[in-house]
Amino acid sequence: MSDNLGKIFNLSLIYATFRASTPIIYAALCAAITQQANILNIGTEGIMLVGAFTAVAISYFTGSWILGVLAAMLGGAVIAMIMAVSHIKYNSEICAIGMGINLLAIALTKFMLQVFFHTSGSFSNPAIVAIPKLHFSFLENVIVFILLLQFIFYKTVWGLRLRAVGQFPMAAQTAGIQANAVKYQAMLISGLIGGLAGAHLSLGYSTQFVENMTNSRGFMGVAAMYFGGANPVLTAMGCLLFGFSDSVGARLQAYGIPAQFILMMPYIVTIAVLAISMAIKMQAARKKESSLLTHSVA
């Protein structure tokens, strides 16, 4: 028994956890930026899926993973701006838009898979150039990215304006901040990061495109964002839970654990993370309300 546990929980599990967490971290940061502006980006899943397909297609046709990643980011930005215009300019409900984008992305990528590659289900080819895997470079990159966003959110003027627009929109407008412009900027950056998440999934985590290959990672990212309160560092910690469950699940398959249970694990963790984060927020809200009542009585 101890030997089996040693094979499951060892040093390589740490690497596998970070590797599985990376696309979820990018997705969570995609949602965190818009959440700071009080926009719930449910469409993260669709943005990632479009980015994943675009990255594979451009890498295949050009032979360059760099162009593939850049095209994925551009594709993600286009999808995000469609959401932004619908929500900010035309006052459409953001959750409805996000779910529509997710459904559109599934149908669109399936259609393009048939049109461009004359296949369905999945596409892989030796001509697809993957993102190079050199030591822990991708881990270092994502960690730097997390710290960079942490700095931008809490140590820059733009980050202050972003949070002001999300938390105190009337006060922000009174101070002369162009609230809609800041929201558009947040959505644009969110789309770029979401596209990057998709590219990492199809060119970094694997070297192929599979229909609906995001497999709810976008929703996991949103759940992790809630867990971390849209704080990049805390959000990334929530993502590690998903990466850990995914990595452990993959190893448990070798020991006769039913596949159905393995497939359930990420979703169980998602529900648990959301339940815990909402309970913590409700408790904090009650304490704040109690404190206000105490001060008002005094």
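**Exercise 1.** Which residues have the most contacts inside the largest nonpolar core, and how many residues does that core have?

*Solution.* The model is a predicted one. Step 1: take the largest nonpolar core, which has 65 residues. Step 2: pick out the residues with the most contacts inside this core, namely Leu-29, Phe-53, Met-83, Ile-193, Phe-209 and Phe-242. Step 3: set this beside a general tendency. In soluble globular proteins, nonpolar side chains tend to be buried together. Step 4: look for another core. A second, separate core has seven residues, including Ala-31, Leu-40, Val-222 and Met-225.

**Exercise 2.** Find what Met-83 is in contact with, leaving aside its neighbours within four places in sequence.

*Solution.* Step 1: on the N-terminal side of Met-83, the contacts include Asn-41, Gly-43 and Ile-47. Step 2: further along the chain, Met-83 is in contact with Ile-94, Ile-97, Gly-98, Ile-101 and Met-187. Step 3: compare with helix α5, whose buried residues include Ile-94, Ile-97, Gly-98 and Ile-101.

**Exercise 3.** Describe helix α5 from its start to the residue just after it.

*Solution.* Step 1: α5 covers residues 94–117, which is 24 residues. Step 2: from first C-alpha to last, the helix reaches 33 Å, close to the 34 Å expected at 1.5 Å a residue. Step 3: at the start of α5, a side-chain oxygen of Glu-93 comes to within 2.8 Å of the backbone nitrogen of Cys-95. Step 4: list the buried residues; besides those named in Exercise 2, they are Asn-102, Ala-105, Thr-109, Met-112, Leu-113 and Phe-117. Step 5: find their partners. The buried residues of α5 pack against the helices α3 (44–62), α4 (65–89) and α10 (217–227), and against the strands β1 (122–123) and β2 (209–210). Step 6: just after the helix, His-118 has a positive phi of about 55 degrees.

**Exercise 4.** Is Cys-95 buried or partly exposed, and how many disulfides does the structure hold?

*Solution.* Step 1: Cys-95 has a relative accessible area of 29%, so this residue is partly exposed. Step 2: Cys-239 is at 0% relative accessibility and therefore counts as buried. Step 3: the structure holds zero disulfides.

**Exercise 5.** Summarise the protein chain as a whole.

*Solution.* Step 1: the secondary structure comes to twelve helices and two strands. Step 2: from the N terminus, the order is α-α-α-α-α-β-α-α-α-α-β-α-α-α. Step 3: of the 298 residues, 45% are buried. Step 4: among contacts between residues at least 6 apart in sequence, 79% join residues at least 24 apart. Step 5: the accessible surface is about 14900 Å², and 69% of that belongs to carbon and sulfur atoms.

Terms used
Residues numbered from 1 in each chain as written. Predicted model: local features only at pLDDT ≥ 70, side-chain atom pairs only at ≥ 80, totals over all residues. Heavy atoms only, no water. Helix = DSSP H or I, 4+ residues; strand = E, 2+ residues; numbered from the N terminus. Buried < 20%, exposed > 50% of the residue type's maximum accessible area, 1.4 Å probe, protein only. Contact = heavy atoms within 4.5 Å. Areas by Shrake-Rupley, 256 points an atom, 1.4 Å probe, with all protein chains shown as cover. Disulfide = S-S within 2.5 Å. Core = buried A, V, L, I, M, F, W, Y, C linked by side-chain atoms within 4.5 Å. Expected span 1.5 Å × (residues − 1). Polar contact = N/O pair within 3.5 Å; in protein donor to acceptor, adjacent residues only side chain to side chain.
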